[in-house]
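Colleague: I have not looked at this structure before, and I would like to learn how to read its features one by one. Could we go through them together?

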Amino acid sequence: DMAVVARSGSLLVRKFRDLKEKKKAQHKDWELAGTKLGNILGIKKKDDKEDPSVSEEGDFKTSQRFAQHMEKKNEASSDFAKSKTLLQQRQYLPIYAVKEDLLNIIRDNNIVVVIGETGSGKTTQLAQYLHEDGYSKYGMVGCTQPRRVAAMSVAKRVSEEMGVTLGEEVGYAIRFEDVTSEKTIIKYMTDGILLRESLRESDLDGYSCIIMDEAHERSLNTDVLFGLLREVITRRRDLKLIVTSATMDAEKFSHFFGNVPSYTIPGRTFPVDVLFSKSVVEDYVDAAVKQALQIHVQARKGDILVFMPGQEDIEVTCESLTERLEELDDVAPLTVLPIYSQLPSDLQAKIFQKTPDGVRKCVVATNIAETSLTVDGIAFVIDPGYCKMKVFNSRIGMDALSVFPVSQANANQRSGRAGRTEAGVAYRLYTLNQYKNEMLVASVPEIQRTNLANVVLLLKSLGVQDLLKFHFMDPPPQDNILNSMYQLWILGALDNTGQLTTCGRSMVEFPLDPPLSKMMITAVEMGCSSEILIIVSMLSVPAIFYRPAGREEDSDTKREKFCVPESDHMTLLNVYQQWKANGYSSTWCNDHFIHAKAMKKVREVRAQLKEIADQQKMPLVSAGNDWDIIRKCICAAYFHHAATLKGIGEYVNLRTGMPCHLHPTSALFGMGFTPDYVVYHELVMTSREYMQSVTAVEGEWLAELGPMFYSVKESAKSRQEKRKAAKARVSEMEEELALADEQLKQRRAEM
Ligand code: CDP
Ligand code: MG
């Protein structure tokens, strides 16, 4: 039996403080080193004197002049969305003017590529037009999105435009959340959902039209769907396929589907003044905050959109913006709103809400706001030029999430966000030289840079034998395919000849990454499926804990009480079990700084995964008090992500020797308890390589479960004992031989 140890909150508080101090220190360094940049971009502190070194030719001056000019121009313009009905808004969209043209082309062709600037109405209108033209009589109109947030928010918007209840005529489906019904005729979904649907129904007979939206994003699942739908359309003459893209690479899509027609929606955009930083920006968070403040204090009305690579930067930006606003005298209110995919959906919806008159909005977003979401009223864009991407790292043999410069195409999309409803300004926190020389023209499609294990598993079960021959628009590097197959082989999903095994067939059934599916299957064999089901569900839901500003210590103390020192996975299990013991109470969640909504979601995910397990006749068995078996089961799925202790608090990847660190939020961090071996869920690269979701494992387990990677090295002592044992056996044998010899002699004598 393992005791759940309650610890004081002080430790976590210190860890977080250290992390924050480090960030702050970074900012300070920059302030000393980058005075010039500070002058160009910076907002002056309250007591700062006018700095004579500010160049008259600086961006700062330019933008100010521009702002004054625009102020006059826009004074009369009213907030369009506020004063117009939904119908009027629909009719104002650029796509409305070409509705009949578009429908005619679609009537005459099975596949059409539609190009239009972001905000022209592709996502919200096309599906409705197809429905109005009668296609929904023969099946659903489906529309795929690379991002979950987009699928949800667009479905909501369209249901409002059509005056129906979300989930009835208009619905959406994302992983673990199906808000559709018998009545549904327009269905928004992630591309991953449609891909999985093709497993059950390879011709997608339920659909009369499929809109592959945001094709320019080139998400992994969209790229795979391209290949599959290209085949489906040859079998189904009645299916309409519409591929939409925000950028002008129509030719490539058109060519892929056999030179099909493309249609460009004439745009209606306003001029955007693009300003480059004059020198290299050291700390983009700090620079962005200063720029946002400057706009807020000095510029005309109009909302601000700040791009940030990821959640952590977004949080720091929002916090720092709010802090610095408080330091300034006499400033108008500013509503600061974060948006990223892991943010709970009720908070995500806030970015679309209108702020009261005279209150400026500042949205801080990941590249989710680049093309998938359109926030009206943005007049200022601040673009640090970075985004987070999952990239297969051949050095470590797996995917790692890291920050990279965006491509020129991304940068231009971002700037364009400022000119949707009026003329705007885009502040680029990088130099023109960086833009020209350090940024790729277009970004690399996901299929060419990530682990393909999931795709390989899916295609294999769809009967695609030779993946190297599958028709990809941009084939992934052969090494990537082979490596992914290798990973599936390691997990026992493929046999030595590359065929799907029984285990692999079972793994496909779960809408999970292969290691998690594997964990579910192993759990049944090991007798801990009840617990693993909860752990897997907890891992499938965004952040459980929150730390409200001003109550950090309080929330950390509460959080630490859940820690199981051996394992972050078990810590998650512990949270769920305590929540269950408290009657799945929301109040209990709030008391412990746990997102009640997220926990509810976990419960739903658990129910859905259980259903799949039931269908596969996989029984739920509890490990009871044997918590070691749970860790062993985690080890069985993640032995390829193993690290070993090197120095104090320092781990290195067991196979590659690459350093990797415990994250300060890990239950194992700084506890004085440092296991020799750990496995981890994934690796995140920020300032250093962090392991996320870590569990302590025994060395022997690694050797037993991952024999292709590890073996047990004998210690000197055990070698000695073995030698002794061998010697003893030899003399035993000699005695036996002598005895036999003796007996032989006797028998001879008797004869
Ligand atoms: O797909 P595309 O970028 O061409 O445009 P869209 O997403 O269909 O957006 C058209 C318009 O619908 C936007 O300009 C927004 O005004 C509005 N919209 C909204 O208000 N709320 C949403 N969740 C989505 C769109
Ligand atoms: Mg769209």
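Colleague: How many nonpolar, polar and charged residues are there in the shell around ligand 1?

Modeller: Please keep in mind that this is a predicted model. To read such a shell, one sorts its residues by class, and here the shell around ligand 1 has three nonpolar, ten polar and three charged residues. In total 16 residues surround ligand 1, and the closest are K122, T123, T124, S153 and R157.

Colleague: Which elements give two or more residues to the shell around ligand 1?

Modeller: Those elements are α7, which covers 122–132, and α8, which covers 148–162. Of the shell around ligand 1, α7 gives the most, with four residues.

Colleague: Let us turn to the sheets. In what order do the eight strands of the open sheet stand?

Modeller: A sheet is read strand by strand across its width, and the order of this open sheet is β4-β3-β5-β2-β6-β7-β1-β8, with mixed pairing. Its edge strands are β4 (177–179) and β8 (262–264), each of which pairs on one side only. Neighbouring strands of this sheet are turned against each other by 20° on average, direction ignored.

Colleague: In which sense do β3 and β5 pair, parallel or antiparallel?

Modeller: Strand β3, residues 170–174, and strand β5, residues 186–190, pair in the parallel sense, and four bridges join them. Within this pair, V170 has I186 in β5 as its bridge partner. Helix α9, made of residues 191–200, packs on the sheet, where α9 touches β2 (140–145), β3 and β5, and the direction of α9 makes about 100° with that of β5.

Colleague: What is the strand order in the open sheet of six strands?

Modeller: Reading across in the same manner, one finds the order β9-β16-β13-β10-β12-β11, and the pairing is parallel. The edge strands here are β9 (272–276) and β11 (334–339), each pairing on one side only, while the twist from one strand to the next averages 15°.

Colleague: Over how many bridges do β10 and β13 pair?

Modeller: Strand β10 (residues 303–307) and strand β13 (residues 378–383) pair over four bridges, in the parallel sense. In this pair, D303 of β10 stands opposite I378 in β13.

Colleague: Which strands does helix α15 lie across?

Modeller: Helix α15, formed by residues 408–416, lies across β9, β10, β13 and β16 (424–428). For the angle one compares the directions of helix and strand, and α15 runs at about 150° to β13.

How values were computed:
Residues numbered from 1 in each chain as written. Chains lettered and ligands numbered in written order. Predicted model: local features only at pLDDT ≥ 70, side-chain atom pairs only at ≥ 80, totals over all residues. Pairing = 2+ DSSP bridges. Axes fitted to C-alpha atoms, helices over the stretch in contact; angles between N-to-C directions. Contact = placed C-beta atoms within 7 Å. Near = placed C-beta within 6 Å. Nonpolar A, V, L, I, M, F, W, Y, C, P; charged D, E, K, R; others polar.
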